[in-house]
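Got the viewer open? Let's walk through this one stop by stop, with something to select each time.

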Amino acid sequence: MKSVIHPSPMRRVTPILTGLVLAVLASPLMAHGVNENDKAFIEGASGVNIIPYMYLGAKHMVTGYDHLLFLAGVIFFLYRLKDVAAYVTLFAVGHSTTLLLGVMLDIRANPFLIDAIIGLSVVYKAIDNLDGFRTWFGFAPNPKAAVLIFGFFHGFGLATKLQELTLARDGMFANLVSFNIGVEMGQFMALTVILLLMNLWRLSDSFRRSAILANAALMTAGFVLIGYQLTGYFSKGV
């Protein structure tokens, strides 16, 4: 007997992720970019600026398409808050570590290649959600280890952009810590919205069917990110 799926407002949640993916495809991505106003502030500021850097960190997270896509993939099939907290904490630890160390110790890498790996993180999570690794290769990477490792690259991606700016040494550590706190605040806000929408979507009869399409769209966005960054690398970064 076929079940009848009645129209429901919850089913409208499905296009949200698709809309985010389309935004990625339509505006290839200043995901780790620093706009001119923020750049002018960072390069002109001196001393400790806790609140402004917290704001910049939160802004970076809630407007970073790559972060949001990856986090959406990470929590896609997580139903318990303690599991969500565990994975998000691993991502935060990775992100914060490489951001701080990358800038403070001036550890450098080509930003196009780092951002291409960030795009790969989105592809990885979509494949993992579709159980593609077990289907194609007979095994799956440890998901917690993968989130931590990709968290390192997400943080290093921003570090490479900050290294392009002239940051005052006076107060740098305090400002970077403040920035990280802002990132966590922005992450909390973004995750709250994503989880609310995801939970509404999960209550709909269409979730299982739409989940495949959503992760396929997520994978597509990841490949677009990779292609865009590799194009930049071969045309500008070598």
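Color by confidence to start: this is a predicted model, and helix H1 (residues 14–26) comes out lowest, with a mean pLDDT of 49, while helix H6 (residues 111–129) is highest at 96. Across the protein, the average is 84, and 85% of the residues score at least 70.

Now select residues 1–14. The pLDDT stays under 50 here, and the model has 18 contacts beyond four places in sequence for this stretch. Do the same for residues 22–31: pLDDT is again under 50, with 17 such contacts.

Next, the charged pairs. Side chains of opposite charge can pair when their charged atoms come close. The count here is 5 salt bridges, and we'll visit some of them.

Go to helix H6 and show Asp-128 and Lys-125, which sit 3 residues apart, about one turn of the helix. Their side chains form a salt bridge at 2.8 Å, N to O. Buried or exposed, Asp-128? It's buried, because its relative accessible area of 19% falls under the 20% cut-off. Lys-125 is buried as well, at 4%.

Stay on helix H6 and pick Asp-115, then add Lys-161. Their closest N and O atoms are 3.1 Å apart, in another salt bridge. This one ties together distant parts of the chain, since Lys-161 belongs to helix H8 (residues 143–162) and the two residues are 46 apart. Both partners are buried.

Last stop: Arg-80 and Asp-83, a salt bridge with its closest N and O atoms 2.9 Å apart. Arg-80 is partly exposed at 49% relative accessibility, and Asp-83 is partly exposed too, at 22%.

How values were computed:
Residues are numbered from 1 along each chain as its sequence is written. This is a predicted model: local features need pLDDT of at least 70, side-chain atom pairs count only at pLDDT 80 or more; totals for chains, interfaces and linings use all residues. Side-chain values use heavy atoms; hydrogens and water are left out. pLDDT is the predictor's confidence in each residue, from 0 to 100. Helices (H or I, at least four residues) and strands (E, at least two) are DSSP runs, numbered from the N terminus. Contact means heavy atoms within 4.5 Å. A salt bridge is a side-chain nitrogen of Lys or Arg within 4 Å of a carboxyl oxygen of Asp or Glu. Buried means under 20% relative accessible area, exposed over 50%, partly exposed in between (1.4 Å probe, protein chains only).
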